[in-house]
Amino acid sequence: MKRFDCLGIIAGAATDTLVVTSAGAVTLEWNALRPSDGNFRVRTLGLCSSIALGMALGLPQRKVIALDGDGSLLMNLCSLPTMARMQPSNLVHIVFDNEVYEASGSKQTATATGTDLVGMARAAGIRQALWTHSVDEFARIVTEALNGHELFFIGAKVTTERTEVPPYPMDEVENKYRFIRHVEKLKNIDSQNQLAK
């Protein structure tokens, strides 16, 4: 499967869902498909899963999607048992496994030699931990996850092929503040009035 094709499926189904993206090309491809102030770009490899978990716990009425990579998740495997313990019913964690550290020279990750991230998620206690093996299967499971009320961990083995897209249109500081304002609007929070009090 090609990651960009999978992202296109998510973009068509995600509507106003909050989305946390891992460091690397997945962020650029996602932003090209669904530019939104509800997208939060994580620049530190490994933290996508933990930040998405925090958002899901802090905003239990909002669906949150984590778009992660194998290299990123391998750097923070302790997030899996934490997710399993907290069981946020509004979190969908999607891992695109291309078996390389794409952003740093495409050196092989442990998944290239047999590490099974879905198996690890299931062993950690995430009941809905599933591999997808085709674009159609990916579409079906993503739809089920977005319409459901249970923590999902979805693995997708993808090629290393990248789609050429424009660079990310803002720096991390602007992205952070746009995202915060977006969440405040969703929650009907007037931060300017709160600061004035």
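**Reading the labels on this chain**

Q: Why is Thr15 called exposed?
A: Thr15 has a relative accessible area of 60%, and exposed means over 50%, with buried under 20% and partly exposed in between (1.4 Å probe, protein chains only). So 60% puts Thr15 in the exposed group. By the way, this is a predicted model, where local features need pLDDT of at least 70, side-chain atom pairs count only at pLDDT 80 or more, and totals for chains, interfaces and linings use all residues. Residues are numbered from 1 along each chain as its sequence is written, and side-chain values use heavy atoms, leaving out hydrogens and water.

Q: What makes the phi of Thr15 worth a look?
A: Thr15 isn't a glycine, yet its phi is positive, about 45°. Most residues other than glycine have a negative phi. You'll find Thr15 in the loop between α1 (3-13) and β1 (18-21); helices (H or I, at least four residues) and strands (E, at least two) are DSSP runs, numbered from the N terminus.

Q: Why does Glu99 count as partly exposed?
A: Glu99 has 27% relative accessibility, which lies between the buried and exposed cut-offs, so partly exposed is the right label. Glu99 also has a positive phi, near 70°, and sits in the loop between β4 (91-97) and β5 (100-101).

Q: How do you know that the chain agrees with a compact globule?
A: For 197 residues, the expected radius of gyration is near 16 Å, and the chain has 16 Å, so the two agree. That radius is taken over C-alpha atoms, and the rule is 2.2 Å times the number of residues to the power 0.38.
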